[in-house]
Amino acid sequence: MKFYIFSLIALIGTQLVAQTKVEAEKRIDHSEVPELAFDWLNDAYEGKKRIKWYEQQSRNKRVYEAKFKWKGKRQSIEFDTIGNIINIEIQLKFRDIPKKAKSTIDTYFSENYENYKIKKVQIQYLGKPDDLEDLIDEDEWENITTNYEIEFLGQSETQNDLFEALFNYKGKLLEIRVIELPSSDILKY
């Protein structure tokens with residue numbers, strides 16, 4: 001009987017971990033970034049300078065992230081530890097999400113939260129490295145997956161947290177996680 005109770009507790013604990021986002025980000029020098037990431041970035045964003053590099057560490061992965069402005073919009077490009085591109089994220093305003101997807105997302109929020117406040121919205125592009133490069137330098141959309149990543153404060157009957165939700169291009173919820181800030185991000189008095 002004790003074994004079953006312990007197993008149940010362990011199972012519940014792993015489900016909670018899978019639904020929580022804990023991430024630490026630190027600024028790094030460009031010399032710490034894999035060359036493959038530089039090569040991809042130079043090909044896709046020809047002539048781009050003033051790139052800030054970060055290393056993100058979460059419970060189960062480590063990535064490199066390039067952040068910069070391109071054509072007036074904040075860009076964030078994630079690379080794995082070898083330098084392969086993972087995704088492109090471009091910051092936008094909630095009102096700029098296409099009407100049908102925005103309506104579906106609004107419905108999700110109003111049905112699941114008594115109160116909510118959107119903090120950050122990014123459009124996310126996924127695809128093969130060559131397809132993502134073609135998206136940037138040739139505006140070619142073949143084989144590109146589009147999602148919306150939304151950080152928001154949400155209050156329901158059972159929760160009052162900071163969340164990160166991922167919606168597909170139609171506005172359907174794909175994933176939601178509670179954002180747990182590292183202790184270094186908590187204001188100390």
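Which residues are buried in H4? They are Asp131, Leu132, Glu133, Leu135 and Ile136, where buried means under 20% relative accessible area, exposed over 50% and partly exposed in between (1.4 Å probe, protein chains only). Before going further, know that this is a predicted model, in which local features need pLDDT of at least 70 and side-chain atom pairs count only at pLDDT 80 or more, while totals for chains, interfaces and linings use all residues. Residues are numbered from 1 along each chain as its sequence is written, and side-chain values use heavy atoms, with hydrogens and water left out.

**Overall layout**
- The protein has four helices and nine strands; helices (H or I, at least four residues) and strands (E, at least two) are DSSP runs, numbered from the N terminus.
- Going along the sequence, you meet them in the pattern α-β-α-β-β-β-β-α-β-α-β-β-β.
- Of the 189 residues in the protein, 36% are buried.
- Take the contacts (heavy atoms within 4.5 Å) with a separation of 6 or more: 52% of them join residues 24 or more positions apart.

**Confidence**
- Mean pLDDT, the predictor's confidence in each residue from 0 to 100, is 87 for the protein, and 85% of its residues reach 70 or more.
- Among the elements, helix H1 (residues 2-18) has the lowest mean pLDDT, at 37, and E5 has the highest, at 98.
- Residues 1-18 have pLDDT below 50, and beyond near neighbours in sequence this stretch has two contacts in the model.

**Core and helix H4**
- The largest nonpolar core holds 38 residues, of which Trp40, Ile77, Phe79 and Ile88 touch the most other members; such a core is a set of buried Ala, Val, Leu, Ile, Met, Phe, Trp, Tyr and Cys residues joined through side-chain atoms within 4.5 Å.
- In soluble globular proteins, nonpolar side chains tend to be buried together.
- Not counting residues up to four places away in sequence, Ile88 touches a list including Trp40, Tyr45, Ile77, Leu132 and Ile136.
- Cover for the buried residues of H4 comes from elements including helix H2 (35-44), strand E3 (62-70), E5 and E6.
- Right after H4 comes Asp139, with a positive phi near 55°.

**Second largest pocket**
- The second largest pocket has a volume of about 320 Å³.
- Its lining has 16 residues, and the closest to the pocket centre are Lys73, Gln75, Ile90, Tyr125 and Ile136.
- On a 1 Å grid over the protein atoms alone, a pocket is an open set of points where a 1.4 Å probe fits, with protein on both sides within 12 Å along at least five of seven lines; lining residues have an atom within 4 Å of a point.
- Volume here is the space filled by probe spheres set on the points, with grid points joined across faces, edges and corners.
- Strand E4 (73-79), strand E5 (85-92), strand E6 (115-126) and helix H4 (129-138) each supply at least two lining residues, and E5 gives the most, with three.

**Two residues to look up**
- Glu89 is in strand E5 and counts as buried because its relative accessibility is 4%.
- Glu89 and Glu78 are eleven residues apart in sequence and 8.3 Å apart in space, C-alpha to C-alpha.
- Lys48 is in the loop between H2 and strand E2 (52-58), and Lys48 is partly exposed, with a relative accessible area of 22%.
- Leaving aside neighbours within four places in sequence, Lys48 is in contact with Phe68, Lys69 and Trp70.
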